[in-house]
Amino acid sequence: METNELETYLFSNIKKLPTGCQYCIKGEKLVLFITGLCGENCFYCPVSENRKEKDVIYANEKRISSIEEAIEEAKICSSKGVGITGGAPLKNINRTCEYLKALKNEFGNNNNNNNNNNNNFHAHLYTTPKYIDENKLKALKDSGLDEIRIHFTNLNNKEITNKDIDILKLCMKYICDVGVELPAIPNSELKIINLAEKLNNIGVKFLNLNELEYSETNYEKLIKLGFKEKNEYSSAIVGSEETAQNAINHFKNNKNNKLIIHYCPSALKDGIQMKNRLINRAKNIAKDYEMITEEGLLLKGIIVFRNNEEINDVLDILKDNDLPFEIKNNNLYLNPYSLDELLDELKNINYDIKFSAYISECYPTNDGLEVERTPLFIKKRSLRDIRKK
């Protein structure tokens, strides 16, 4: 299924998904990476080197060190909820609850767990059973957690145990929505089906199956274990999607199954979730002269000049036509279409262009990473100019 078709399908069925997933798909969740410390050492862990087993905090792509920064990022992105992840968030339960409570207090607490309340700021959290205990669950409940997602790291080697079931029941005692989320390891259908049946029997709300993906940190381990890349244009692993779908199909016509089983393909994360979050952020930070692309990137024109004399004529034109612009560090930023039209006009009148011009496409993130720069006009520099430097 193409990304556009997938997005259409998801939005038409969005009310059938776990609440946290609904916000994520719309790009309305702040991704709060609360710590990289974990200790589980899962072979498929995709966490990057600059985060893995490091006690760092990120709000979306921005590294932060305070609650105020997390709140600011949530505002910039028009976030309606937070997904707390890691690492293992419960390994630093005090920090997790501190940030969670502050976000809930800032954007509207939801003590009655009414998901139809427009003032609700939804919070979900990922954890493994290793760090769960009753005191931590009480603290999470008191801090306003709406949804907890358990990742059983041992399912790759054995079936779900009675101890695992007890942990889920304990979570259900304190947290409104309890679910399980794990990667769909190729050829593990029977284990997933057995797990889903037990989850359904005890009243767990959902099971999320993520398409297994490779990253720079897990690639070598996956290849050594015999996993293969699905194709050249994604990070998905062969067989993961088929395994997830086979497990889901097993329950399609089972009227006694109340468990929500959702498959999250690789394309959903970057092509839909992140794209929609970038669009939301771009709408709030875009300058008057910047355009927002369908992917949520910012498009702008750039004129690079060496001194004010080179740019005065251009400034006069922009001011006469009441066009927005900004000058920073010998760069003039303007609307990309305005730049294109300006260059055409200058060339038509044989104007001696003394500057270079580009179209720049950047992420609307804190670092403003430039994705592509397309030259429209490059003014060649003389050896004399270079020597003057």
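**Entry 1: Asn 60**

I started with Asn 60, which I found in the loop between strand 2 and strand 3. Helices here are DSSP runs of H or I with at least four residues, strands are runs of E with at least two, and both are numbered from the N terminus. I am working on a predicted model, where local features need pLDDT of at least 70, side-chain atom pairs count only at pLDDT 80 or more, and totals for chains, interfaces and linings use all residues. Residues are numbered from 1 along each chain as its sequence is written, and side-chain values use heavy atoms, with hydrogens and water left out.

Is Asn 60 buried or exposed? I noted it as buried, because its relative accessibility is 5%. (Buried means under 20% relative accessible area, exposed over 50%, and partly exposed in between, with a 1.4 Å probe and protein chains only.)

I then asked which side chain makes a polar contact with the side chain of Asn 60. The partner is the side chain of Glu 73, at 3.1 Å. (A polar contact is a pair of N or O atoms within 3.5 Å; within protein, one must be able to donate a hydrogen and the other to accept it, and residues adjacent in sequence count only if both atoms are side-chain atoms.)

Leaving aside neighbours within four places in sequence, I listed Lys 29, Leu 30, Val 31, Arg 51, Glu 73, Cys 77 and Arg 277 as the residues in contact with Asn 60. Contact means heavy atoms within 4.5 Å.

**Entry 2: helix 3**

Glu 73 led me to helix 3, residues 67–76, whose buried residues are Ile 67, Ala 70, Ile 71, Glu 73 and Ala 74. They sit on the same side of helix 3, because they cover an arc of only 160 degrees around the axis. (The arc is that of the directions from the helix axis to the C-beta atoms.) A reminder to myself: an α-helix has 3.6 residues a turn, so residues three or four places apart point the same way.

What covers these buried residues? I found that the cover includes strand 1 (29–35), strand 2 (57–59), strand 3 (62–64), helix 4 (93–107) and helix 10 (266–285). After helix 3 comes Ser 78, and I noted its positive phi, near 55 degrees.

I looked at Ala 74 of helix 3 separately. Ala 74 is buried, with a relative accessible area of 1%. Its C-alpha is 5.8 Å from that of Leu 30, although the two are 44 residues apart in sequence. Not counting neighbours within four places in sequence, Ala 74 is in contact with Leu 30, Ser 79 and Phe 107.

**Entry 3: Gln 273**

Helix 10 turned up in the cover of helix 3, and I picked Gln 273 from helix 10. At 21% relative accessibility, Gln 273 counts as partly exposed. Setting aside residues up to four places away in sequence, Gln 273 touches Cys 24, Ile 25, Gly 27, Cys 264 and Leu 268.

**Entry 4: helices 5, 6 and 7**

How do helix 5 and helix 6 pack? Helix 5 (residues 134–143) and helix 6 meet at an angle of about 30 degrees, with axes 9 Å apart. That makes helix 5 roughly parallel to helix 6. In this contact I noted Glu 134, Leu 137, Lys 138 and Lys 141 of helix 5, and Leu 170, Cys 171, Lys 173 and Tyr 174 of helix 6. (Axes are lines fitted to C-alpha atoms, for helices over the stretch in contact, and angles run from 0 to 180 degrees between N-to-C directions. Under 35 degrees counts as roughly parallel, over 145 as roughly antiparallel, 65 to 115 as roughly perpendicular and the rest as oblique.)

The axes of helix 6 (residues 162–174) and helix 7 (residues 189–202) come within 11 Å and cross at roughly 40 degrees. That makes helix 6 oblique to helix 7. Helix 6 brings Ile 165, Leu 168, Lys 169 and Met 172 to the contact, and helix 7 brings Lys 198, Leu 199 and Ile 202.

**Entry 5: helix 9 and Asn 257**

In helix 9 (residues 240–250) I found Ser 240, Thr 243, Ala 244, Ala 247 and Ile 248 buried. Their arc covers only 130 degrees around the axis, which puts them on the same side of helix 9. They pack against strand 7 (177–184), helix 7, strand 8 (206–211) and strand 9 (260–264).

My last stop was Asn 257, in the loop between helix 9 and strand 9. Asn 257 counts as buried at 16% relative accessibility. A polar atom of its side chain lies 3.3 Å from the backbone oxygen of Leu 259.
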